[in-house]
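Biologist: I should be grateful for a close look at one part of this model, namely the largest pocket. Please describe what surrounds the space there, and then place the pocket beside the other spaces and the packed interior.

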Amino acid sequence: MYGIKSAKVALRKKMKNIITQLSIEEKQRQSTKVFEKLCSLPEIQNSKRVSLYLSTKDEIDTIRILKYMFETQKEVFVPRYKGKVIEMVKLFSMEDYETLPLTKWNIKQPNFNEPRENALETGGLDVILLPGVAFTIDGKRLGHGMGYYDKFLELCLKKQQTKPHLIAVAFNEQLREDIPTSENDISLDLIVTEK
């Protein structure tokens, strides 16, 4: 177990260096290609309730995806973190998004004191778009190391009768031959990159 943990830490560090080397233009170019591919997926087109993370500058830009979800009348849920727990809560519009406060990680997030619909309590999710540091073609994912999404997916799979489509959006550079995983790591259905 310790070997896997230290291998994950080393890979996270390596990936951070690789991604910070990408220019803003290259990140935008790949984000555009990923957006086009993602929106043409039947899993996205046929979905009604979608959860997506709000990206940082070192991730595929999800704001364009967010706009598309509203334009196509999908119900959108975004992460709200508190302590060691993450929940997916409803976001109503781009205007709603614009007014969200920033967290200490500089990510927009609905306020905890504000009552919002929780996806797992009102019918679950059809698609979950997940963040990550590195991925393999066969669906392995290396997260940021906090275990938020692993715990959320475990809960989600217990509460929902049908498993949501688990999809990651990533830069080409985030695809690896293999990544260290442990038994708690849940495999994804699809990784969308430019290539």
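Modeller: In this predicted model, 45 residues line the largest pocket, and those that lie nearest its centre are Val133, Gly143, His144, Gly145 and Met146. The pocket has a volume of about 1,300 Å³. Several elements take part in its lining: the helices α1 (2-21) and α6 (148-159), together with the strands β2 (75-82) and β6 (141-142), each supply at least two residues. Of these, α1 gives the largest share, with 10 residues. Sorted by class, the lining holds 18 nonpolar, 13 polar and 14 charged residues.

The second largest pocket contains about 160 Å³ of space. Its lining consists of Ile24, Lys27, Gln28, Ser31, Ser55, Thr56, Lys57, Glu59 and Asp61. By class, one of these residues is nonpolar, four are polar and four are charged.

There is also one cavity of 30 Å³ or more in the structure, and the volume of the largest cavity is about 30 Å³. Tyr53, Glu59, Ile60, Pro131, Gly132, Val169, Ala170 and Gln174 line this cavity. Five of the lining residues are nonpolar, two are polar and one is charged. Glu59 therefore deserves a second mention, as it appears in the lining of the second largest pocket and in that of the largest cavity, and it is also in contact with Phe171.

Phe171 itself is found in the loop between β7 (165-169) and β8 (190-192). Because its relative accessible area is 0%, Phe171 counts as buried. Beyond its neighbours within four places in sequence, Phe171 is in contact with Ile19, Leu22, Lys27, Gln30, Ser31, Asp58, Glu59, Ile60 and Thr193. The C-alpha atoms of Phe171 and Glu26 are 9.4 Å apart, although 145 residues separate the two along the chain.

The packed interior completes the picture. The largest nonpolar core has 52 residues, and Leu38, Leu66, Ile128 and Phe152 have the most contacts inside it. Helix α4 (residues 63-71) gives the most to this core, namely six residues. A second, separate core has six residues, among them Leu11, Met15, Leu142 and Ile179. Returning to the largest core, Phe152 is in contact with Ile86, Met88, Leu120, Leu125 and Ile128, leaving aside its neighbours within four places in sequence.

Conventions
Residues numbered from 1 in each chain as written. Predicted model: local features only at pLDDT ≥ 70, side-chain atom pairs only at ≥ 80, totals over all residues. Heavy atoms only, no water. 1 Å grid on protein atoms, 1.4 Å probe; cavity = no way out; pocket = protein on both sides within 12 Å on 5 of 7 lines; lining within 4 Å. Points joined across faces, edges and corners; volume = space filled by probe spheres on them. Nonpolar A, V, L, I, M, F, W, Y, C, P; charged D, E, K, R; others polar. Core = buried A, V, L, I, M, F, W, Y, C linked by side-chain atoms within 4.5 Å. Buried < 20%, exposed > 50% of the residue type's maximum accessible area, 1.4 Å probe, protein only. Helix = DSSP H or I, 4+ residues; strand = E, 2+ residues; numbered from the N terminus. Contact = heavy atoms within 4.5 Å.
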